[in-house]
Amino acid sequence: MRVRDQRNRRRASLAAGVLAVALALTSACTGGGKGGGTAPGWQGGADQPAAKASVTISEPAAEAKNVPASTAVTFAAEQAEETSVELTDSAGKKVKGTLAEDGRSWLPSKALSYGESYTATVTATGDDGVPVTATSAFTVMKQPSKQVRITSFLGDDQTVGVAMPLIVKFGRAIPEKHRAELQRRMTVTSTPAQEGIWHWVSPTEVRYRPKEFWQAGSKVSYRVQAGGLPLGDGWYGRADLTVDIKIGPKLVMTVDNSTKRMVVTRDGEKIKTIPVSLGKKSTPSSSGTMVVMEKLRKTVFDTYDELGPEDGYRTKIDYAQRLTWGGEFIHAAPWSEGQQGTTNVSHGCVNVSMTNGAWLFNNTRVGDPIVVKGTERKLQLGNGWTDWNVSWEEYVKGSALPYEPASDVPTEEPDPEVSTSTAP
């Protein structure tokens, strides 16, 4: 027995030696290529090179429940040359979205579906070409019962004047602490590109205007991605809002009280001079830059409730164009044609003849500017769309986000006929 055991041990030793030689030969054949290098270790061993990049998802947190439908995927990627985000629903369908300019978040193109489950995957690749990923699975909240309606003054495919502000209203006051996040989701795209900013007129209304008048012929698209966005006190945005409009010719009306004339220019060229009668001393017209807000072919001015039975009046009016909430219009006034061009007799409106009223009505658009100069009263801020009656430096103070001047957006030369000043 001992003899057989000894022989078995010798056979086992010989076999081990042969195996060791074979392994050594195999390692020699799979060594580094050009430039040398070390032979690879066992799979999963310490010799496997670590990726330079790293990535983590902070929001939505993994396995999070009741996530707002407006959620963005927020992440941190270190030493990443390239970063990509993929969001899929429970059926594996990809959700469209956009990576933020700062590369730290990704926003879906529209609000996510209430009650649906999603998986976010962020992939970061460093200059070594080795990708790393982070994932977060989460579930969107059920549809809330308290939703804020969001509306736009303008609708798709409208053509408006160069002074038209973009006006967005909310069905409920937006608390100040929620305005910055809401404004981050309010975007304006214009072709050609033009610098502009949102300005909060009140807790329920925000407007956007460019630094200078819109360039004639521009295409403008604005979007409010507020669907499912928390807006305070358990309220959420009802839906996203997108509007596409066009800008018409640059038609500017300039009225000078000293000459009692209106000069009309289109795209910088004078096309008409019109005699006018402005407000008499007891009811002067407002001086400032106003915007046509409404056009009424026929209407009735009724001031009995405002002025009383002694001073009030009720008059049929043709070709009326509203300039202020207080009741200043451009309109045809055949009864004052004898004073137009020489004497102010109106109650604050810009009176023109029936012929000129018709011509203006047929050539203007909502959003066209009118500049009135030299009257006894300055335009009150808020009495109409007075966005152009303040300087750009003052206007940007109404933004909920810090103003960052554009460095690569061309602007038009300021119109010498149009000036902006801070209203008293």
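In strand β20, the residue that bridges to Val255 is Met262. This pair belongs to the contact between β19 and β20, two strands that run antiparallel and are joined by six bridges. Everything described here comes from a predicted model, so please read each detail as a feature of that prediction. Between β19 and β20 the chain turns through a hairpin with four residues between the strands, and Lys260 there has a positive phi near 55°.

Follow the chain onward and β20 meets another partner. Strand β20, covering residues 261-266, pairs with strand β21, covering residues 269-275, again in the antiparallel sense and over six bridges. Two of the matched positions are easy to find: Val263 has Thr273 of β21 as its bridge partner, while Val264 stands opposite Lys272 of β21. The hairpin of β20 and β21 has two residues between the strands, and in its turn Asp267 shows a positive phi of about 50°.

Just before this stretch, look for Lys250, in the loop that links β18 (241-247) with β19 (251-256). Is Lys250 buried or exposed? Its relative accessibility is 14%, and because residues under 20% are classed as buried, Lys250 counts as buried. Lys250 also shows how the fold brings distant parts of the sequence together: Thr364 is 114 residues away along the chain, yet the two C-alpha atoms are 10.0 Å apart.

Stepping back, the whole protein chain has five helices and 28 strands. Of its 424 residues, 42% count as buried. Among contacts between residues at least 6 apart in sequence, 67% join residues at least 24 apart.

Strands of a sheet pair through backbone hydrogen bonds, in either a parallel or an antiparallel way. One sheet to look at is open, has four strands in the order β2-β8-β7-β4, and shows mixed pairing. Its edges are β2 (64-67) and β4 (82-89), each of which pairs on one side only. On average, neighbouring strands in this sheet are turned by 30° against each other, with direction ignored. At one edge, β2 runs parallel to β8 (residues 131-140), and two bridges join them; Ala64 has Phe138 of β8 as its bridge partner.

Some backbone details deserve a pause here. Most residues other than glycine have a negative phi, and most peptide bonds are trans. Asn66 is not a glycine, but its phi is positive, at about 55°. Asn66 sits in strand β2 and is exposed, with a relative accessible area of 60%. Asp233 also has a positive phi, near 55°. The home of Asp233 is the loop between β16 and β17 (236-237), and Asp233 is exposed too, at 57% relative accessible area.

Where are the cis peptide bonds described here? One runs from Glu59 to Pro60, with omega near -10°, and Pro60 is in the loop between β1 (54-59) and β2. Another joins Thr191 to Pro192, with omega of about 0°, and Pro192 is in the loop between β13 and β14.

Now turn to helix α2. Its buried residues are His178, Arg179, Ala180, Leu182 and Gln183. These buried residues pack against four strands, namely β12 (166-170), β13, β14 and β16 (219-224).

Helix α2 also leads to the largest pocket, whose space amounts to about 1900 Å³. There are 48 residues lining this pocket, and those closest to its centre are Glu101, Gln183, Arg184, Met186 and Thr187. Several elements supply at least two lining residues each: β5 (97-99), β6 (105-108), α2 (176-184), β13 (186-191) and β14 (196-202). Which element gives the largest share of the lining? That is β13, with five residues. By class, the lining residues of the largest pocket are 23 nonpolar, 14 polar and 11 charged.

Finally, there are two cavities of 30 Å³ or more. The second largest cavity has a volume of about 60 Å³. Among the residues that line it are Ala69, Ser70, Thr71, Leu107, Arg185 and Asp240. In terms of class, its lining has four nonpolar, four polar and three charged residues.

Terms used: Residues numbered from 1 in each chain as written. Predicted model: local features only at pLDDT ≥ 70, side-chain atom pairs only at ≥ 80, totals over all residues. Heavy atoms only, no water. Pairing = 2+ DSSP bridges. 1 Å grid on protein atoms, 1.4 Å probe; cavity = no way out; pocket = protein on both sides within 12 Å on 5 of 7 lines; lining within 4 Å. Points joined across faces, edges and corners; volume = space filled by probe spheres on them. Nonpolar A, V, L, I, M, F, W, Y, C, P; charged D, E, K, R; others polar. Buried < 20%, exposed > 50% of the residue type's maximum accessible area, 1.4 Å probe, protein only. Axes fitted to C-alpha atoms, helices over the stretch in contact; angles between N-to-C directions. Contact = heavy atoms within 4.5 Å.
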